[in-house]
Amino acid sequence: EEPATKDDCYASTASLSTVRMALAWFLSEKKQYKEMTMYLADIKGAFLNAKIKDDEVIIAQPPEEWVPTIETKERVVWKLKKALYGLRSSPKRWQQFFDELMVSMNFSSHPHDGCAYIKQSGSSVILVCCHVDDLLVIGEHVQVKDFFNHLEKHVEVTYKEVKKNESTTYLGPRLERREDEIIFGVDNKYC
């Protein structure tokens, strides 16, 4: 049965103030530690990673292109084993899956923003801001690479380092990293 409230349907996302805080932290740490790096990542087919529990029954009609065989009856439904795009509860199921994955990797969620994950080991810290299936990952280069290596064992992910003097976008706004500043906001051509 589908969830009844909007809180059961939508995935939380890291707030914009948390993203700004992460970018400011990157700049302050970059001055002390030259090994700090920043990556943007996208998890491919994110909702398909969220499994539906065995005791839950969610059914869907097959697409119109599906042609039933003679052995099947005309009225066919499929019992879903994984969440699909378009299913109301898929974003929430994905968030629960990702949260469990991050906890299994020894991350803890930030007390004021459940979609910001922090892992500290010794003096090194890695910070991950999650917006559904888009990630902002900040930390020392070696730890960030280890994070992606472990993440790739569970989900298909593409990632790219945000290099100095490079402009890209994150969640729509322009993200540009310079030597001593980061520009994060709407591009001038839209003003």
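Student: What makes strand β7 mostly covered?

Tutor: Five of the seven residues of β7 are buried. A residue is called buried under 20% relative accessible area, exposed over 50% and partly exposed in between, with a 1.4 Å probe and protein chains only. The strand itself is a DSSP run of E with at least two residues, while a helix is a run of H or I with at least four, and both are numbered from the N terminus. The model is predicted: local features need pLDDT of at least 70, side-chain atom pairs count only at pLDDT 80 or more, and totals for chains, interfaces and linings use all residues. Residues are numbered from 1 along each chain as its sequence is written, and side-chain values use heavy atoms, with hydrogens and water left out.

Student: How do you know which strands pair with β7?

Tutor: Two strands pair if DSSP finds at least two bridges between them. β1 and β7 are joined by seven bridges and run antiparallel; β6 and β7, also antiparallel, have six. Both counts satisfy the rule, so both are pairings. Asp-42 has Asp-134 in β7 as its bridge partner, and Cys-129 stands opposite Leu-136 in β7. In the hairpin of β6 and β7, two residues lie between the strands, and Val-132 takes a positive phi near 55 degrees.

Student: Why are the buried residues of helix α3 said to lie on the same side?

Tutor: The buried residues of α3, which spans residues 141–151, are Val-144, Phe-147, Phe-148 and Leu-151. They cover an arc of only 95 degrees around the axis, which puts them on the same side of α3. The arc is taken from the directions from the helix axis to the C-beta atoms.

Student: What do the buried residues of α3 pack against?

Tutor: They pack against β1 (36–43), α2 (90–104), β6 (124–131), β7 (134–140) and β8 (157–161). A contact here means heavy atoms within 4.5 Å.

Student: Why is the pair of Phe-107 and Phe-147 called edge-to-face?

Tutor: Rings of Phe, Tyr and Trp (its six-membered ring) pair if their centres lie within 6.5 Å; planes under 30 degrees apart count as stacked, over 60 as edge-to-face and the rest as tilted. By this rule there are eight aromatic pairs. For Phe-107 and Phe-147 the values are 5.5 Å centre to centre and 65 degrees between the planes. The distance passes the first cut-off and the angle the edge-to-face one, so the name follows.

Student: What makes this pair a tie between parts of the chain?

Tutor: Phe-107 lies in the loop between α2 and β4 (108–110) and Phe-147 in helix α3, so the pair ties together parts that are 40 residues apart in sequence. Both Phe-107 and Phe-147 are buried. Ring pairs also link Tyr-39, Phe-107, Phe-147, Phe-148 and Tyr-159 into a cluster.

Student: Is Gln-120 buried or exposed, and how do you know?

Tutor: Gln-120, found in strand β5 (residues 113–121), has a relative accessible area of 59%. That value is over 50%, so Gln-120 is exposed.

Student: How do you know which element has the highest confidence?

Tutor: Confidence is given by pLDDT, the predictor's score for each residue, from 0 to 100. Among the elements of the chain, α3 has the highest mean pLDDT, 93, and strand β2 (residues 59–60) the lowest, 65. The chain averages 78, and 71% of the residues score at least 70. Where pLDDT is low, the predicted coordinates should not be read in detail.
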